Amino acid sequence: VAAITANDEFDLSYKGGTIHVDTNDTWPNLFDTKNTTNALKKGDRVTVYGKVDDNWFTKKEIDANTLYVEGKNQTMVFNAPAGQSRD
């Protein structure tokens, strides 16, 4: 994690540079600094699964549906209610 940029977004650095990741409020406590056990922090190593969104007017970003936080051995998966989609 290169930077926490909003309540539900962060920048992820990788070998090719940096990409913005949007969790779309899926994990509301992910960035809550009072939630010291599970809060995502700058420097955390994560694997992100999701859809690359080629935004029309802004840079590409990943709409995340699964996050794996290394070291915490924590996997967070978005389970959409019936009839709802992350697309």
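How many helices and how many strands are there in the protein chain?

**Figure 1. The whole protein chain, shown as a predicted model.** The protein chain has zero helices and six strands, and its pattern, when followed along the sequence, is β-β-β-β-β-β. Of the 87 residues in the protein chain, 34% are buried. The area that the protein chain exposes comes to about 5900 Å², and carbon and sulfur atoms supply 48% of that area. Among the contacts in the protein chain with a separation of 6 or more, 39% are made by residues that stand 24 or more positions apart.

**Figure 2. The hairpin of strands S1 and S2.** Strand S1 covers residues 3-6 and strand S2 covers residues 9-14, and the two pair in the antiparallel sense over three bridges. Two residues make the connection from S1 to S2 in this hairpin. To find one position in the pairing, the reader can look for Ala 6, which stands opposite Glu 9 in S2.

**Figure 3. The hairpin of strands S2 and S3.** Strand S3, made of residues 17-22, pairs with S2 in the antiparallel sense, and six bridges hold this pairing in the model. Between S2 and S3 there are two residues, and the two strands form a hairpin. Leu 12 has Ile 19 in S3 as its bridge partner.

**Figure 4. The surroundings of His 20 in strand S3.** Is His 20 buried or exposed? His 20 has a relative accessibility of 19%, and it counts as buried because this value is under 20%. The side chain of His 20 makes a polar contact with the side chain of Glu 9, at 2.8 Å, and Glu 9 is also the residue in S2 that Ala 6 stands opposite. When neighbours within four places in sequence are left aside, the residues in contact with His 20 include Thr 5, Phe 10 and Asp 11, as well as Lys 60, Glu 61 and Ile 62.

**Figure 5. Thr 23 in the loop between S3 and strand S4.** Strand S4 spans 46-53, and Thr 23 has its place in the loop that lies between S3 and this strand. Thr 23 is buried, and its relative accessible area is 0%. Which backbone atom does the side chain of Thr 23 reach? The side chain of Thr 23 reaches the backbone oxygen of Asp 8, at 2.8 Å.

**Figure 6. The salt bridge of Arg 45 and Glu 70.** Side chains of opposite charge can pair when their charged atoms come close. The structure holds two salt bridges, and in the one shown here the closest N and O atoms of Arg 45 and Glu 70 are 3.4 Å apart. Arg 45 lies in the loop between S3 and S4, whereas Glu 70 lies in the loop between strand S5 (61-69) and strand S6 (74-77), so this pair ties together parts that are 25 residues apart in sequence. Arg 45 counts as exposed, at 57% relative accessibility, while Glu 70 is partly exposed, with a relative accessible area of 45%.

**Figure 7. The salt bridge of Lys 60 and Asp 54.** The side chains of Lys 60 and Asp 54 meet in a salt bridge, with a distance of 3.9 Å from N to O. Lys 60 is exposed, with a relative accessible area of 52%, and Asp 54 is exposed as well, with a relative accessible area of 54%. Lys 60 also appears among the residues in contact with His 20, which is found in strand S3.

Notes: Residues are numbered from 1 along each chain as its sequence is written. This is a predicted model: local features need pLDDT of at least 70, side-chain atom pairs count only at pLDDT 80 or more; totals for chains, interfaces and linings use all residues. Side-chain values use heavy atoms; hydrogens and water are left out. Two strands pair if DSSP finds at least two bridges between them. Helices (H or I, at least four residues) and strands (E, at least two) are DSSP runs, numbered from the N terminus. Buried means under 20% relative accessible area, exposed over 50%, partly exposed in between (1.4 Å probe, protein chains only). A polar contact is a pair of N or O atoms within 3.5 Å; within protein, one must be able to donate a hydrogen and the other to accept it, and residues adjacent in sequence count only if both atoms are side-chain atoms. Contact means heavy atoms within 4.5 Å. Accessible areas come from the Shrake-Rupley method with a 1.4 Å probe; for residues, only the protein chains shown count as cover. A salt bridge is a side-chain nitrogen of Lys or Arg within 4 Å of a carboxyl oxygen of Asp or Glu.
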